[in-house]
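User: I would like a close look at one part of this model, namely its charged side-chain pairs and the elements that carry them. Please take me through that part carefully, and add what surrounds it.

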Amino acid sequence: GKKVVDWALSEFERCKSLKTRVTSQWNLNLNMLFGKQWVEIASGAQGPSIRQQQAPKWKRRKTINRLRSFQRTECSKLQSTLPSIVAVPSTAEDEDVRAAYAAEQAWQSYAEVKRFRRQYNAAIWWAVVTGNGFLKVWWNSALKVRLPDGEDQGDIDYRKVSPLNIFIPEPREREIEDQPYVIEAYTRTVEWANS
């Protein structure tokens, strides 16, 4: 087990160092979006960081944030239509056609109940700001769904993931499915980890 942990930590540090330049640009984009235009990327001993530019004492700075309206426009374009799920019947028989239609209806109902649009919109927001938007889908055994036979089981769950928390080993690879592995890392308190 110790070898696996050592390998995971070394790969995380390698992926993190590959991403520092991109992360500083994303942080600069976030600062600009939230109205802090008078910042710059400064290099330091611990890597690049964002720092406030000092204004001359005799000059009053005026900040007009037009980026937010551009960001809203781009988000609106991308959010105008949700991804659609299309079920194709395997044959032209009525039973298969009805089954495909039922599958599409099931997805629409499921997406409505699980608030897919909210997570999708958050992923689009990150995609506009950083160029990367992620939706993570997994089987959540903690969610209990009662089946007709009375048995409880888990359920599919999904949520947006901030690109700042995703680390990949091959930055030139455009498809995340073609990465050898993906690390999703967070800084949490000990109490959170113990709960």
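Analyst: Lys77 is exposed, with a relative accessible area of 53%, and this lysine is a good place to begin in what is a predicted model. Its partner is Glu74, whose side chain meets that of Lys77 in a salt bridge with an N to O distance of 3.3 Å. Glu74 is partly exposed, at a relative accessible area of 36%. Both residues belong to helix 2, where they lie three residues apart, about one turn of the helix. In an α-helix there are 3.6 residues a turn, so residues three or four places apart point the same way. Side chains of opposite charge can then pair when their charged atoms come close.

A pair in helix 1 can be read along similar lines. The side chains of Lys2 and Asp6 meet in a salt bridge, again with 3.3 Å from N to O, and because these two residues are four apart in helix 1, about one helical turn separates them. Lys2 has a relative accessibility of 63% and therefore counts as exposed, the cut-off being over 50%. Asp6, at 38% relative accessibility, counts as partly exposed.

The pair formed by Lys114 and Asp157 has another setting. Their side chains meet in a salt bridge of 3.9 Å, N to O, and this pair links distant parts of the chain, since Lys114 sits in the loop between helix 3 and helix 4 while Asp157 sits in strand 4, 43 residues apart. With a relative accessibility of 23%, Lys114 counts as partly exposed, whereas Asp157, at 17%, falls under the 20% cut-off and so counts as buried. Asp155 also takes part here, as Lys114, Asp155 and Asp157 are linked in a network of salt bridges. The count for the model comes to seven salt bridges, and the pairs described above are among them.

The loop that holds Lys114 lies between helix 3 and helix 4, which makes helix 4 a natural element to consider next. Helix 4 covers residues 116–130, and its 15 residues, at 1.5 Å a residue, should span 21 Å; the C-alpha atoms at its ends are 21 Å apart, so the expected span and the model agree. The buried residues of helix 4 are Phe116, Gln119, Tyr120, Ala123, Ile124, Trp126, Val129 and Thr130. These buried residues pack against helix 1 (2–33), helix 2 (67–79), helix 3 (94–113), strand 3 and strand 4 (152–161). The packing partners of helix 4 thus include helix 1 and helix 2, the helices of the Lys2–Asp6 pair and the Glu74–Lys77 pair, as well as strand 4, where Asp157 is located. Just after helix 4, Gly131 takes a positive phi of about 90°.

Beyond the charged pairs, the model also has a nonpolar patch at its surface, of about 320 Å², made by Val137, Trp139 and Ile156. Val137 is found in strand 3, which runs over residues 134–146, and Val137 is exposed, with a relative accessible area of 58%. Strand 3 is also one of the elements against which the buried residues of helix 4 pack.

Ala42 offers a contrast to Val137. Ala42 is found in strand 1, residues 39–44, and at 12% relative accessibility Ala42 counts as buried, while Val137 is exposed. The C-alpha atoms of Ala42 and Ile168 are separated by 24 Å, with their positions 126 residues apart along the chain.

Technical notes
Residues are numbered from 1 along each chain as its sequence is written. This is a predicted model: local features need pLDDT of at least 70, side-chain atom pairs count only at pLDDT 80 or more; totals for chains, interfaces and linings use all residues. Side-chain values use heavy atoms; hydrogens and water are left out. Patches are made of residues with over 30% relative accessible area and no salt bridge: like charges are joined within 9 Å, nonpolar side chains (Val, Leu, Ile, Met, Phe, Trp, Tyr) within 5 Å. Accessible areas come from the Shrake-Rupley method with a 1.4 Å probe; for residues, only the protein chains shown count as cover. A salt bridge is a side-chain nitrogen of Lys or Arg within 4 Å of a carboxyl oxygen of Asp or Glu. Buried means under 20% relative accessible area, exposed over 50%, partly exposed in between (1.4 Å probe, protein chains only). The expected span of a helix is 1.5 Å times one less than its number of residues. Contact means heavy atoms within 4.5 Å.
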